[in-house]
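Student: I would like a close look at one part of this model. Start with a single charged side chain, then follow the contacts outwards.

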Amino acid sequence: MDNKKGNFMFETVIGLEVHCQLNTKTKIFCGCSTSFGDEPNTHVCPTCLALPGALPVLNKEVVKKAISFGRAINATVNKKSVFDRKNYFYPDLPKAYQISQFTIPIVEKGELFIKVGGETKRIGVTRAHLEEDAGKNNHEANKSLVDLNRAGTPLLEIVSEPDLRSSDEAVAYLKKLHSILRFLNISDANMQEGSFRCDVNVSIRPKGDEKLYTRVEIKNLNSFKFIQKAIEYEVERQIAAWEDGKYDEEVYQETRLFDTNKLVTKSMRSKEDSAEYRYFPDPDLLPVIIPDEMMEEASVLPELPDEKKARYVRELGIKESDAEVIISSYEMARYFEDLIEAKNSPKLAVTWLCVELLGRLKNGVTIETSPVNSKKLSNLISLIEDGTISQKAAKDVLDYVMEHDEDVSSVIEKLGLKQVSDDSAILAIIDSVLDTNRDKVVEFKSGKDKLFGFFVGQVMKEGKGAFNPSKVNDLLKSKL
């Protein structure tokens, strides 16, 4: 993002750190459940409570999921990686250190490709390493409580190169990353529940300068909207400080939080660097050596978003822009696959999913929580295809079933929207229309072919939209 202020044109430099909670049934170093939303401190044991003598044992499913992610981003998956202790004290960190990977992560040197403004751009992924999550502090009026259910939940921390140049690029990268995690089925990546959390590193520099200036970290952002707003505010703040000659005074390495009400960033604390964490190899955990069989098993990947998009365009003949909408989320793609597996026309499936249904999802309702599931929409599309109902009438049916949990066929009967395909009923109306417009019939027969549309319109009008349009066309042609 280029920003012109005063005599300078500024460039934004952004790097992202994403903490993704892996969807294993148990924690990374013990057998406690990772279930979300249960009573505080009910999924704990001596290991995740850091009681004396309790030792960690690595969950192999965590390693498999990290391998799958590495393969999906064309990264190097290290056959040997090690766990380190990252030392710091917070009330929700029972051991006063976090087990993480610092010196040798399991995944390095990957890449993602994003599309912004019609341009495709490669974004480097520096590393992805395994670590345990901390617990959670719950603050009340005059006290704070600690819930350690989340302590020890497996995380994959994914660190990008500082290759992003705008808030739009940052959001595109995060959406692509989110999509890959969901398609791989290694995380539910639920931002509201904290299983996909993002820290943003932001700095600016004069356009053309290759130097990296002081970066500010904005922590714990949990929506794409607020990530974009936080970046845009922080960029403006740093540019204003530069222009006012106060850059060194106001922009320094620190951690800031984003106020979602005022849409501003606020200072939280000075930013620690790696030396302050006093990393050292964890003596309770041996190096992780990945067996060949595990590497091969975890390297077999499902169809990923870009592959799906290419297949939809190539095999189903749909537009690339429509395919982009479909693969924008795992749930959308799954819904579309259901429609295609039910033998619906790809063209109608795209229209009724991406235009008609999505256009009706409002007030926070998503494809996951839609009152019209794929089976119900598939049934509606099938009835359009076989001529039972017109597309115009189908919109009325969709409006109705969005509000009422009823079967599509019974709604069509209730609303009287079933198309008439009976020849005798249609012919009677055709005869009446042609008899009323004898002068136009003569004009049509003398060569004014465009009048055919007029006749069709009149017949459909008299039939109150209940006639099958293709049947009307065939019978009218025969009569004329």
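Student: By its relative accessibility, does R182 count as buried or exposed?

Tutor: R182 counts as buried, at 14% relative accessibility (buried is under 20% relative accessible area, exposed over 50%, partly exposed in between; 1.4 Å probe, protein chains only). The model is predicted, so local features need pLDDT of at least 70 and side-chain atom pairs 80 or more, while totals for chains, interfaces and linings use all residues. Numbering runs from 1 along each chain as its sequence is written, and side-chain values use heavy atoms, without hydrogens or water.

Now the partner. R182 meets E331 in a salt bridge, with N and O 2.2 Å apart (a Lys or Arg side-chain nitrogen within 4 Å of an Asp or Glu carboxyl oxygen). E331 is buried too, with a relative accessible area of 18%. The pair links distant parts of the chain. R182 sits in helix 2, residues 167-184. E331 sits in helix 8, residues 330-341. The two residues are 149 apart in the chain. (Helices are DSSP runs of H or I with at least four residues, strands are E runs of at least two, and both are numbered from the N terminus.)

By the salt-bridge rule, the count comes to 37. Look next at R237 and E234. Their closest N and O atoms are 2.6 Å apart, in another salt bridge. This pair stays inside one helix: both residues lie in helix 3, residues 224-243. Three residues, about one turn of the helix, separate R237 from E234. Both are buried.

D399 and R360 give a further salt bridge, 2.7 Å from N to O. D399 lies in helix 11 (391-403) and R360 in helix 9 (346-360), so the contact ties together parts that are 39 residues apart in sequence. D399 is partly exposed, at a relative accessible area of 37%. Elsewhere, salt bridges share partners: E11, R165, R205 and K207 are joined into one network.

Burial also marks helix 1, residues 60-72. Of its 13 residues, 10 are buried, so helix 1 is largely enclosed by the rest of the structure. Among the buried residues are K64 and K65. The buried set also includes V62, V63, I67 and F69. Just after helix 1, N74 takes a positive phi of about 55°.

To recap: R182 is buried at 14%, and its salt-bridge partner E331 is buried at 18%. Their contact joins helix 2 to helix 8.

Technical notes
The expected span of a helix is 1.5 Å times one less than its number of residues.
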